[in-house]
Amino acid sequence: VVRWTWAVVFIPTWLSLTAVVVCVCVYVLMLCVLHKVGENRHELEQRRVPDVLLLSSLSLAILCLLIFVALLVSRLDEKITAPYVAIFLPLHLSLLFLLLTTIARKPANFCEFSTLKQSL
């Protein structure tokens with residue numbers, strides 16, 4: 001019988017959440033560089049608000065997921081005795097942030113498949 005703590009069992013989850021945090025940091029850097037070096041300032045100013053909203057909602061979702069995993073590991077290792085309803089609350093908040101992000105985001109259809117332009 002292996003006597004591992006739940007923190008060790010959740011190592012793949014910690015690694016995947018770390019990869020997501022790194023991706024969000026890269027996205028922040030790309031936004032900063034794009035807004036500083038951008039050629040078309042008017043277009044960049046129009047895109048700034050949706051990008052900031054997306055970034056903030058993704059950051060909140062990731063933070064809630066990290067809190068959920070930490071609470072779940074602590075509960076499974078019997079370090080805390082909180083009810084599971086309280087432990088799963090950050091997960092539900094994370095799903096709510098992701099749902100609101102999906103609803104609020106404009107469809108980004110770069111290929112414009114819906115409007116076929118035929119040249120005669």
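Begin by selecting Trp 6, which is partly exposed, with a relative accessible area of 35%; partly exposed covers the range between buried, under 20% relative accessible area, and exposed, over 50%, for a 1.4 Å probe and protein chains only. The model is predicted, so to speak of local features needs pLDDT of at least 70 and side-chain atom pairs count only at pLDDT 80 or more, while totals for chains, interfaces and linings use all residues. Residues are numbered from 1 along each chain as its sequence is written, and side-chain values use heavy atoms, with hydrogens and water left out.

Next, add Phe 10, which is buried at a relative accessible area of 16%. The structure holds two aromatic pairs, and in one of them the rings of Trp 6 and Phe 10 have their centres 6.2 Å apart and their planes at 55°, so the pair is tilted. Rings of Phe, Tyr and Trp (its six-membered ring) pair if their centres lie within 6.5 Å, with planes under 30 degrees apart counted as stacked, over 60 as edge-to-face and the rest as tilted.

Now move to Phe 68 and Phe 88, a tilted aromatic pair with 5.0 Å from centre to centre and 55° between the planes. Phe 68 lies in helix α3 and Phe 88 in helix α4 (residues 84–104), so this pair ties together parts that are 20 residues apart in sequence; helices are DSSP runs of H or I with at least four residues, numbered from the N terminus. Phe 68 counts as buried at 10% relative accessibility, whereas Phe 88 is partly exposed at 30%.

Terms used. Helix = DSSP H or I, 4+ residues; strand = E, 2+ residues; numbered from the N terminus.
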